[in-house]
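Hello,

Here is the structure we talked about, ready for you to open and turn around. My notes on it follow below.

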Amino acid sequence: TLISGMEVETAPNVSYADIGGLELQKTLLREAAELPLLKPDLFAKVGIEPPKGVLLVGPPGTGKTLLAKAVSHETNAAFIRVVGSELVQKYIGEGARLVRELFALARDKAPAIIFIDEIDAIGSSRSNDAYSAGDHEVNRTLMQLLSELDGFNTRGNVKIIAATNRMDILDQALLRPGRFDRIIEFPLPDEAGRAMILAIHTKNMHLAKSVSLEKIAAETPNMNGSELMAICVEAGMNAVRNGRTRVSGEDFAKAIEAVRKGRTEKIMPLP
Ligand code: ATP
């Protein structure tokens with residue numbers, strides 16, 4: 001379903017086993033978002049408030065959305081996703097109203113997880129000292145978000161997770177206690193992590209015996225999960241193009257080159 005810029009999914013089909021590496025991140029997010037949904041009484045008995053909002057910080061394609069979806073799957077909660085830049089750009093004049101509707105929708109669908117991607121687009125510290133119309137809109141949206149967060153019951157069955165890759169420009173107001181008071185960092189995968197991600201994305205592929213995922217992992221420094229997935233798909237495509245059913249090491253070598261090339265083309269200015 002798509003309600004004016006909000007995507008709602010009921011218990012998305014992503015489990016923790018679909019996520020390679022990120023063991024610490026899994027543990028921390030489960031503790032902050034899953035446990036309060038599944039065992040709220042535990043927090044009550046201990047006498048502490050569960051965390052209110054969790055902020056996932058890290059470069060694009062590192063599994064932030066994926067892990068938030070897995071929590072929602074595991075808790076059987078609706079997954080409501082909005083993108084910060086869409087809230088303030090696509091629907092100018094409507095950002096604040098959409099934020100209000102977002103929280104109302106979550107209460108209605110509860111148990112629910114609200115996932116705000118690119119939260120820096122709403123909560124950027126740069127917009128505070130600027131006066132253009134666009135920035136005014138961003139501010140109004142941020143004010144509404146802060147007010148929803150403050151009025152929000154931590155013991156309820158709605159959890160809020162946000163993601164950003166621009167922690168440096170994030171408005172400090174969002175990070176105050178009782179708002180996004182948990183921060184989980186998502187690094188690029190290391191070599192072992194890359195091998196695990198490759199294993200997940202080749203799970204259903206017919207690989208030649210000579211294909212070594214460890215070797216591919218060693219040859220893909222600085223690649224994120226999203227690029228590793230693209231390499232697997234592209235390698236499969238290479239086999240299909242040549243009418244083969246078994247994916248070879250050569251198919252992967254070409255795929256690595258293609259994804260690398262795509263990446264430089266993306267960051268290079270147009271001629
Ligand atoms: P963005 O900041 O661009 O929203 P993100 O961190 O939310 O990025 P995801 O949407 O979670 O990134 O990842 C994109 C895709 O990359 C996933 O759908 C998945 O296929 C793949 N991927 C990323 N990280 C992993 C991982 N750790 N294990 C398995 N697949 C991964």
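Let's start with the aromatic rings: there are two aromatic pairs, counting rings of Phe, Tyr and Trp (its six-membered ring) whose centres lie within 6.5 Å. In one of them, the ring centres of Phe 79 and Phe 115 are 5.7 Å apart and the planes meet at 25 degrees, so this pair is stacked (planes under 30 degrees apart count as stacked, over 60 as edge-to-face and the rest as tilted). Phe 79 belongs to strand 4 (residues 78-83) and Phe 115 to strand 5 (residues 112-117), so the pair ties together parts that are 36 residues apart in sequence. Strands here are DSSP runs of E with at least two residues, and helices are runs of H or I with at least four, numbered from the N terminus.

A word on the basis: this is a predicted model, where local features need pLDDT of at least 70 and side-chain atom pairs pLDDT 80 or more, while totals for chains, interfaces and linings use all residues. Residues are numbered from 1 along each chain as its sequence is written, and side-chain values use heavy atoms, leaving out hydrogens and water.

Now the ligand. Which residues come nearest to the ligand? Of the 18 around it (a heavy atom within 4 Å), they are Gly 20, Gly 61, Lys 64, Thr 65 and His 201. Two polar contacts (N or O pairs within 3.5 Å) are worth finding on screen: a ligand nitrogen is 2.9 Å from a polar backbone atom of Gly 20, and a ligand oxygen is 2.9 Å from a polar side-chain atom of Lys 64.

Enjoy exploring!

Notes:
Polar contact = N/O pair within 3.5 Å; in protein donor to acceptor, adjacent residues only side chain to side chain.
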